Amino acid sequence: MYPTGKYISDGKIQTEKLLTSPGDTLYALAFHLLYDETIQVGKKGTFSFERGTYIYIGSAKKNMEARLNRHLSVDKKLRWHIDYIREKMHFIEGQTYLERRGECQLVEATATYVQATRPISQFGASDCKCKGHLLFVPYFSTGEGWLLPREKWKRM
Ligand SMILES: [Zn+2]
């Protein structure tokens, strides 16, 4: 079961949404951080996180549902970089994708699509050489629309 329900963000009620398709091995998850926070990200160090929207991109070759469940739960042993900030944030929406190209390329495409920056170098990117798999947009909006549409990615 994915966490469900409604919560209030900047006075607006929002609903969580997660779209998955069989065979997809990439995923993107959007979260809102409602207040500025200083958070220790494991051994990576302590960072200031500005309030706003964060998008995390990863891949799961198998057991996608278990992976997403793990990311969305807050009660767990902290392992990945994203685990350290997850409990401070509200889940907004998630989308899975076919692995046409790799997760680093999905990060690039999503960053361009939502005009996001990468606030922490190499966040979630221990296994690759890119600038990080966490994106940041310094504002909120109601509802979804934070993630690259699956159809758009398919055509890239
Ligand atoms: Zn990467």
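## A tour from sheet to core

Start with the whole chain: from the N terminus, its elements run β-β-β-β-β-β-β-α-α-β-α-β-α, where helices (H or I, at least four residues) and strands (E, at least two) are DSSP runs numbered from the N terminus. What you have open is a predicted model, in which local features need pLDDT of at least 70, side-chain atom pairs count only at pLDDT 80 or more, and totals for chains, interfaces and linings use all residues. Residues are numbered from 1 along each chain as its sequence is written.

Next, select strands 3, 8, 4, 7 and 9. In that order they form an open sheet with mixed pairing; two strands pair if DSSP finds at least two bridges between them. Strand 3 (17-19) and strand 9 sit at the edges with a single partner strand each, so one side of each has no neighbour in the sheet.

Zoom in on strands 7 and 9, which pair antiparallel over four bridges. Pick Thr-53 and you'll find its bridge partner, Val-137, in strand 9.

Now add helix 3. Helix 3 packs on the sheet, touching strand 4, strand 7, strand 8 and strand 9; touching rests on contacts, meaning C-beta atoms, placed from the backbone, within 7 Å.

Last stop: the largest nonpolar core, with 32 residues. Such a core is a set of buried Ala, Val, Leu, Ile, Met, Phe, Trp, Tyr and Cys residues joined through C-beta atoms within 7 Å, and buried means 20 or more other C-beta atoms within 10 Å of a residue's own. Strand 4 gives the most to this core, six residues. Click Ala-28: beyond its neighbours within four places in sequence, its contacts include Ile-55, Leu-106 and Leu-148.

Technical notes: Buried ≥ 20, exposed ≤ 12 C-beta atoms within 10 Å, placed from the backbone. Contact = placed C-beta atoms within 7 Å. Axes fitted to C-alpha atoms, helices over the stretch in contact; angles between N-to-C directions.
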